[in-house]
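Work through the exercises below with the model open in your viewer. Try each task before reading its solution.

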Amino acid sequence: CYFAKTKNKKKYSKTYLLMNEKIIDLENIDLVVLFGSNNRKLYKIREFFPKLKLVARGNKLKVIGNEDNILFFEKKFQSFMDHINQYNRLTLSQIERLVMEDETKVLETKNDLILHGTEGKLIKARTVNQRKMVADISENDMMFAIGPAGTGKTYTAVALAVKSLKSKHVKRIILTRPAVESGENLGFLPGDLKEKLDPYMQPLYDALMDMLPSEKLKDYLENGTIQIAPLAFMRGRTLDKAFVILDEAQNATESQMKMFLTRMGMSSKFMITGDETQIDLPKKQKSGLVQAKKKLEKIEGISFVFLDEKDVIRHKLVKKIIKSYK
């Protein structure tokens, strides 16, 4: 029991603050995974719980504070343990996400593994919102994944498409982007249309090469099982039994977005990915992604997943850069 003296009109009164103490046993837990080297993660955890005193001694963690704060801490700390048990890792970003949001339902799904890629590479959903993408696309036929660079929108979308193809839920994959020049002029690149566009579509090729053997990918591209084309090439088509991804959707105009969305055929999945902060359209032209978000967010069967800097899986500086540009 602690007390503080407060002075009020020359009168002193004692305010008693009831403090509780909780000992958490950390046996069978890798403390480096939990607290990080030099307790770096422990310092971060302390920042999120300033009203509590956290003391780590050996395989024990002592928590001192009022009852409500301790109960809240216990709930969040258990989510740290669940995350480590499920994924054998706990990053600073994941700690922040677990504290700020309720990830219990997401952890219970245990659906982080999407598929086995080339050379035994495990293609996983590595953040909370990537796992939401995995969960939501199984329940919805159309999904918008919106967020900044480096959050794995395109990569996760392509992985889900390849998984659907391998499991024979769809017969083909169609990957498309609006051919908007981001500060560069495609017309001055050498070669025919395909040669001009291949570098622009390279992120899609890169993702596919992680997930399919090179010979298999070549066959799929040649026989049309996998198609990669500019958005303009979608006009007039009906896309049945296909997993269709519109990447860089922030650069689709309003009419292009409407055209694309209405290509949806039977037994198809549509995934639209984009970053509202990187619109390369002329200033007078509105982004179809921004409009679609306003018009479609309440339609049943269409899911929206919003990723942010906490989902960044590139170099740690990328997260700081995104925060700086907000």
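The exercises concern a predicted model and go from the whole chain to single elements.

**Exercise 1. The chain as a whole**

Task: State how many helices and strands the protein chain has, what share of its residues is buried, and what share of the contacts joins residues at least 24 apart.

Solution:
- Step 1. Take the secondary structure: the protein chain has 13 helices and 13 strands.
- Step 2. Turn to burial. Of the 326 residues, 46% are buried.
- Step 3. Take the contacts between residues at least 6 apart in sequence. Of these, 68% join residues at least 24 apart.

**Exercise 2. A sheet of 3 strands**

Task: Find the strand order in the open sheet of 3 strands, and name its edge strands.

Solution:
- Step 1. Read off the order: S3-S5-S4, with antiparallel pairing.
- Step 2. Find the edges. Strand S3 (20-25) and strand S4 (53-57) each pair on one side only, so these two are the edge strands.
- Step 3. Check the turn. Neighbouring strands of this sheet are turned by 20° against each other on average, with direction ignored.
- Step 4. Inspect one pairing. S4 and strand S5 (residues 60-65) run antiparallel and are joined by 5 bridges.
- Step 5. Pick a residue pair. Val 55 has Lys 62 in S5 as its bridge partner.

**Exercise 3. A parallel pair**

Task: Describe how strand S10 pairs with strand S9, and decide whether S10 is mostly covered or uncovered.

Solution:
- Step 1. Count the bridges. There are 5 between strand S9 (residues 172-177) and S10, and the two strands run parallel.
- Step 2. Locate a facing pair: Leu 175 is opposite Ile 228 in S10.
- Step 3. Judge the cover. Strand S10 (residues 226-230) has 4 of its 5 residues buried, and is mostly covered.

**Exercise 4. Two packed helices**

Task: Classify the packing of H11 against H12, and list the residues that meet.

Solution:
- Step 1. Take the geometry. Helix H11 (residues 254-261) packs on helix H12 (residues 288-296) at about 60°, and the axes lie 8 Å apart.
- Step 2. Apply the class: this angle makes H11 oblique to H12.
- Step 3. Add the handedness. The crossing of H11 past H12 is right-handed.
- Step 4. List the contact. From H11 come Glu 254, Met 257 and Leu 261; from H12 come Gly 288, Leu 289, Gln 291, Ala 292 and Leu 296.
- Step 5. Sort by class. The contact of H11 with H12 holds 5 nonpolar, 2 polar and 1 charged residues.

Terms used: Residues are numbered from 1 along each chain as its sequence is written. This is a predicted model: local features need pLDDT of at least 70, side-chain atom pairs count only at pLDDT 80 or more; totals for chains, interfaces and linings use all residues. Side-chain values use heavy atoms; hydrogens and water are left out. Axes are lines fitted to C-alpha atoms, for helices over the stretch in contact, and angles run from 0 to 180 degrees between N-to-C directions. Angles under 35 degrees count as roughly parallel, over 145 as roughly antiparallel, 65 to 115 as roughly perpendicular and the rest as oblique. A crossing is left-handed if the near helix is turned anticlockwise from the far one by less than a right angle, and right-handed if clockwise. Contact means heavy atoms within 4.5 Å. Ala, Val, Leu, Ile, Met, Phe, Trp, Tyr, Cys and Pro count as nonpolar, Asp, Glu, Lys and Arg as charged, and the others, Gly among them, as polar. Buried means under 20% relative accessible area, exposed over 50%, partly exposed in between (1.4 Å probe, protein chains only).
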